[in-house]
Amino acid sequence: MVFNLSALKAVPPLITKEHGKIRVCVVVDRCKECGLCIAVCPMKVLVKSNIENSYGYHPPDPLNIEKCIGCRLCEYNCPDFAIFVEKVE
Amino acid sequence: MRKTFTSGNIAIAEGAITAGLKFYAGYPITPSSEIMEYLAEKLPKLGGVVIQMEDEIASINAAIGASWTGAKSMTATSGPGFSLMAEAVGLAVITETPLVIVDVMRAGPSTGVPTKASQSDVLQARWLAHGDYVIPCYAPWSVQEAYDLTIKAFNTAELLRTPVVVLSDAIIAHLWEPLTIYDHGEVNIIDRKIPRTGERAPPYKPDPDLVPPMPIFGKGFKALVESLVHDERGYYAPRDESYRALVTRLHMKILKRLDYIFEYETYYCDEECEYMLVSYGSTARVAYIAMLELRRRGYRVCMSRLKTLWPLDREKLVKSCRARKIIVLENNMGKIYMDMERIFKEQEVYSAPLLSLELPPVREVLEVISVWL
Amino acid sequence: MAVEHSKILHPLDRHLRTERLPTMYCPGCGIGIALGAIFRALDRRIREGLVDPNKVVWVGGIGCSARASLYVNYDAAHVLHGRAIAFATGVVLANPELQVIVIGGDGDIAGIGGNHLIHAAKRNIDMIVVMITNFVYAMTGGQVAPTTPLGVKTTTTPSGNPEPPLNVIKLIASLNANYIARASVVTPHYIENFFYKALGMKGFRFIEIISTCPEIYGRHIGLRDPVEMYNELKKRVKYKPKPSLEESDINWDKGIIIGEFIERNTPSYLELLRKVYVR
């Protein structure tokens, strides 16, 4: 029996949150829950989400996006190209 | 074309130049060093590169790297260096890299007798590396043939995207004979196929001839040279289907072209003979004289001389033999003998291990053969 | 894979074979951080027009770090253990237009590949070698490496490593390399800047990147959690603008100095070769 679990839970490919000119995007299926982005963020923007990706990992959620200063430390320290910061036009 | 008088080593170097050699990496080792020395002088003037690397392992790896830029590449060595190159031969096989490796055999095992000959690397030339594969191997017996078979080796390598071994030995290396050197237009030169598409050509997707076009570096192909077992994209594929497909294709692309690869010469084999001598390389020179002498004495002897040692065309060999007894003369303890025994099922096959640092005198060879006459 | 990747993803995706993501690397592995920083440097140079992406060739041997060659969206080669530098030498000599990047771990490059590393640095051959140091042979489960510190328990030194470690920077500095630098994954900006600078230079450029390896080396030294290992490494890494070779020893207690140890402009192998050949 093969369950297509993600279809059941409807996991989005990207988690994006924006505030002002800054948008933080998380590529859900690339995250391995290492926790580095959450740890290096100086403003404590990111928290571990309850979303489970296809590999069973919980990617971060930019919950406190209004505190984000766009330093990109999360982007630079992610080993898996799973999070990046964009400028909103 | 021009005619000259030179040694086997130089002939191999000239053969490579005629074939379009562009990159040579090597390490000095007796009795092959002259090949590198000659090319070091000549090749740069023709736009090529010669580099002496820090060891044989670096040499063959550099030659494989150079081949992936589209350059025809070669390295030459002797027994001890050949042993060092084992892993890299496997790399060239699985990445399907055209490459010519010259082994100028010397007496072994190990350091052996550096300045004297043997034919003891015959099985190593066939299966130097670990793993399941087959690669072509040519064995010249004269200076002219050293030149011709080196060109053939390059053509085979380019046609089938495979490493090819040229087996010379210390005798051929330093033997001087007349040599005819052809110009580039006078002899058939084969170049590898290169894909036409601009982007992401799967580097291991074969054409109907089982050989994929080679997406060389620097042309936007985004090639992936992969030493792991891979699928057509070059992506690691540790699954039965991919493993079987890859290994069988690597075998079949060579075996399908046995007609092109397999070359041999027969002497008097179209007559009804009682005995057939089988030999190759420098030993064949003495075997030939021995055959002539035996014929002069009234024995019905013919000879088959292998120019291609691997893979062997069993059909051709069997068809060409009318003798009852076959004597395999080689300068080792009996290596090609094992395959001859396997192939010639209807005949009696004997092994004459003529261990000889230099060409043995004919009377010695006759003494050995007379046991079976 | 159940979830489809959306088309517009990470800004560095053009450097990656995205269909092969996620990578095989462990959570918290520093290799991905190093790769990201290198891509950023490449990106800048490509935008400037100094580097043609079609002329970049990555060469990796065997090991976790060398496997980066599988993920990059460029011409790449995944060759034999320790022989990447030899392979790369052939590539750059046969086609000097190519920009060759060799990537590998400390075991692959300075262990089995040590001889090739030495001679490439001696020749000042035109290539960039990135050595990602995690102090252990991680791919095969955690055996001792040339850079493993004294006393560390690994799978092949279960009673503690009796060998003093190799200082690769000091070794290479005794030769003819044009650029020798050390960065770390806890300071990715330096990786990017050093690599950016290296791309603009000729000759042999060597960048060591001290990395985290929580699953394997972390297990050996009691720092199995990615964030914990990252933070502990961060405490010990110190940048110096012109560090001397005497400070280049890696000492987990005294600290690890990063920076550009050697930066010079001596003739590269290709330049010397051109001078020597008479047409």
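## Strands, domains and chain contacts in a predicted complex

Strand E14 (residues 325-330) of chain B has 5 of its 6 residues buried, so the strand is largely enclosed by the rest of the structure. A residue is buried if 20 or more other C-beta atoms lie within 10 Å of its own, exposed if 12 or fewer, and partly exposed in between, with C-beta atoms placed from the backbone. Strands (E, at least two residues) and helices (H or I, at least four) are DSSP runs, numbered from the N terminus.

This is a predicted model, in which local features need pLDDT of at least 70, side-chain atom pairs count only at pLDDT 80 or more, and totals for chains, interfaces and linings use all residues. Residues are numbered from 1 along each chain as its sequence is written, while chains are lettered from A and ligands numbered from 1 in the order in which they are written.

**Strand pairing**

Two strands pair if DSSP finds at least two bridges between them. E14(B) has partners in strand E11 (residues 275-280) of chain B and strand E15 (residues 348-353) of chain B. Another pairing crosses from chain B to chain C: strand E9 (residues 224-226) of chain B joins E2(C).

| Strands | Bridges | Sense | A facing pair |
|---|---|---|---|
| E11(B) and E14(B) | 4 bridges | parallel | B:Met276 and B:Ile326 |
| E14(B) and E15(B) | 6 bridges | parallel | B:Ile327 and B:Tyr350 |
| E9(B) and E2(C) | 3 bridges | parallel | B:Leu224 and C:Ala76 |

**Two domains in chain B**

Chain B is assigned domain 1 (2-186) and domain 2 (265-370). These bounds come from an automatic or database domain assignment. The domain centres, taken over C-alpha atoms, are 26 Å apart. Domain 1 of chain B puts 22 residues into the contact, and domain 2 of chain B puts in 21 residues. Here, two residues are in contact if their C-beta atoms, placed from the backbone, lie within 7 Å.

On the domain 1 side, the elements giving two or more residues are helix H6 (122-126), strand E6 (137-138), strand E7 (163-169) and helix H8 (170-174) of chain B. H6(B) gives the largest share, 4 residues. By type, this side of domain 1 of chain B holds 16 nonpolar, 3 polar and 3 charged residues. Ala, Val, Leu, Ile, Met, Phe, Trp, Tyr, Cys and Pro count as nonpolar, Asp, Glu, Lys and Arg as charged, and the others, Gly among them, as polar.

**Where chains B and C meet**

Of the 2 pairs of chains that touch, chains B and C have the most contacts. The interface brings together 29 residues of chain C and 37 residues of chain B. At least two residues each come from strand E2 (75-78), helix H3 (84-94) and helix H5 (114-123) of chain C. H3(C) supplies the largest share of the chain C side, 8 residues. That side of chain C divides into 14 nonpolar, 9 polar and 6 charged residues.

What does C:Val91 touch, leaving out residues up to four places away in sequence? Its contacts in chain B are B:Gly65, B:Ala66, B:Trp68, B:Thr69 and B:Phe217. In chain C they are C:Val57, C:Val59, C:Leu98 and C:Val100.

**The core**

The largest nonpolar core has 237 residues, and C:Val91 is among those that touch the most other members, with B:Val100, C:Val59, C:Val102 and C:Val130. Helix H7 (residues 143-160) of chain B provides the largest share of this core, 10 residues. The core lies between domain 1 (2-186) and domain 2 (265-370) of chain B, because both give residues to it. A nonpolar core is a set of buried Ala, Val, Leu, Ile, Met, Phe, Trp, Tyr and Cys residues joined through C-beta atoms within 7 Å.

**Helix H14 of chain B**

B:Val368 sits in helix H14 (residues 362-370) of chain B. B:Val368 counts as partly exposed because it has 17 C-beta neighbours inside 10 Å. Beyond four places in sequence, B:Val368 touches B:Ala352 and B:Leu354.

**Chain A**

Chain A has 3 helices and 5 strands. Their order along the sequence is α-β-β-α-β-β-α-β. Of its 89 residues, 39% are buried. No contact joins chain A to chain B, and their closest C-alpha atoms lie 19 Å apart.

**Confidence**

The predictor gives the complex an ipTM of 0.96 and a pTM of 0.95. pLDDT is the predictor's confidence in each residue, from 0 to 100. Chain C has a mean pLDDT of 94, with 96% of its residues at 70 or more. Residues 1-6 of chain C stay under 50.
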